[in-house]
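User: Could you go through this model with me? I have a few short questions.

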Protein chains: 2
Amino acid sequence: MNRPELTLPELTASGRPATFEVEAINERGEAVSTPIAGEHPLTIYLDKRELVTLMTLGQAPEALVLGYLRNQRLVPSIADIAAVQVDWDTDSAAVTTRRGIDNLDGKMSKRTVTTGCGQGTVFGDLMEEIDSIKLREDVRLSEDALHAMLDAVRRHEAVYKTAGAVHGCALASVNADNAEILYFVEDVGRHNAVDAIAGKMWLDDVDGSDKVFYTTGRLTSEMVIKAAQMRIPFLVSRSGLTKMGHDIAARIGITMIGRAAGGKHYLLFTGRERFVKSISPTEIV
Amino acid sequence: MNRPELTLPELTASGRPATFEVEAINERGEAVSTPIAGEHPLTIYLDKRELVTLMTLGQAPEALVLGYLRNQRLVPSIADIAAVQVDWDTDSAAVTTRRGIDNLDGKMSKRTVTTGCGQGTVFGDLMEEIDSIKLREDVRLSEDALHAMLDAVRRHEAVYKTAGAVHGCALASVNADNAEILYFVEDVGRHNAVDAIAGKMWLDDVDGSDKVFYTTGRLTSEMVIKAAQMRIPFLVSRSGLTKMGHDIAARIGITMIGRAAGGKHYLLFTGRERFVKSISPTEIV
């Protein structure tokens, strides 16, 4: 938020409705109108070159496209992007850069396909990058702020509550005993929700180094890597984690909390030194 | 099961342990040993050419590789595959074909990246193929068999119950009032679990055209397409569905049931003519 003035890209504002109604027959034989989550293909063209087709809920498609380009390390700076134009008639997002992208062929050819959810995508040097990441050591997350954030997240989960079948992600800022949700994005894919948050942070020049990243999804390797790439020291999930997610989190030293599903339960796995437990009344003598 | 004799591929049997124990601190400040799901990279080489890196639980890696090649339409027949050798020292699966693969470059270059979970993978002509698929109309799924299958699935969900963070898939055969689970696979990725089942079906020459496919995951477009590619007329999920999953299911005419989460609840969406509701006692006069 304190970067020098730069010209931000021109963006369409082509969010789609999040839910649609279809008819189903329930176990009592009754026809019931049922809300279901939207899912739309969105093909990204970077300077007219086809990159990828994402399936998305379509709530924040421009931010999703920006975050995808950022997290895949295809575009170094948001200042390089002149425009993102999302057109649902053609299910396409046309990205125009100001000066072209150096070595796009090289970046594309190194593209590998890995996953957290099964078959996600990362490009080239992503895994090699993680060892160079240093997360801030001078920031803390208190137990009270954690609970405040989880309460706030629950108030945001609109599509999930209505239609299910989506993952939610949030970026929160915290102080000693409270939390504020800066962004909340739901999508049919976990990776898309993360990428859309990354896109919003890029646009708004938000520094992740003292923030909390929350996801409803599982903490797989790719999720931990994406949080670390955004320099975020706190990663919280309602769900569980995988061994590789855990191993990478331990290596990076990210403060990772899983199974924060409501009530007061949670499990603190790695980066414990940044977490501050509240003193419970029974401990005060 | 009634194909002419053919030589099946040689396979390693390199399943990995499904869960690992790590220490976490719970909300009471206690150190607790916590089982978490495994997650391992597995890079597939087809005749020494690198195809993809999947992140997998690793329970049935050879079947996963076979199913991946089958569902991506990279190898036309299992008779074309001489061997699948999974080696966890190098996190690799070496696939050797008997005569090479025609036009592998063409198939690879048409590779696009779409998704159900966010950023999954499909190759080339997958979407175009679906309109040519005809599912059997002369098969039925009864409500009793549905409930019997859901009960059986619950007895299989070992990793999910222990560690969470995985999706389960099952293939079941059903008769008028009962169900038998033929395969059950859990993986960190939904797509992997589906592919592993497809690989087992390929190996055992199991015909999907009267079977039920169950998944804990959401019914997205890619999930529906994969079931239809296996000619499976019944698709059941514990979770919800997306609009595109619904639209493709309606177009193919697959019998799709969602929200079958336990108890007696379910929602029947498409292909309703294949579903036979039990007559409840109150309806018998």
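User: What follows H8(B), and what is the sign of its phi?
Analyst: B:Gly253 follows H8(B), and its phi is positive, near 80 degrees. Helices (H or I, at least four residues) and strands (E, at least two) are DSSP runs, numbered from the N terminus. This is a predicted model, in which local features need pLDDT of at least 70, side-chain atom pairs count only at pLDDT 80 or more, and totals for chains, interfaces and linings use all residues. Residues are numbered from 1 along each chain as its sequence is written, and chains are lettered from A and ligands numbered from 1 in the order in which they are written.

User: How many residues of helix H8 of chain B are buried?
Analyst: In this helix, residues 243-252, 7 of the 10 residues are buried; among them are B:Met244, B:Ile248 and B:Ile252. A residue is buried if 20 or more other C-beta atoms, placed from the backbone, lie within 10 Å of its own.

User: And chain A, how much of that is buried?
Analyst: Of its 285 residues, 48% count as buried. Chain A has 8 helices and 17 strands.

User: At what angle do H1 and H6 of chain A pack?
Analyst: H1(A), residues 61-71, and H6(A), residues 190-204, pack at about 90 degrees, with their axes 6 Å apart. The two helices are therefore roughly perpendicular to each other, a term for angles of 65 to 115 degrees. Axes are lines fitted to C-alpha atoms over the stretch in contact, and angles run from 0 to 180 degrees between N-to-C directions.

Methods:
Buried ≥ 20, exposed ≤ 12 C-beta atoms within 10 Å, placed from the backbone. Parallel < 35°, antiparallel > 145°, perpendicular 65-115°, else oblique.
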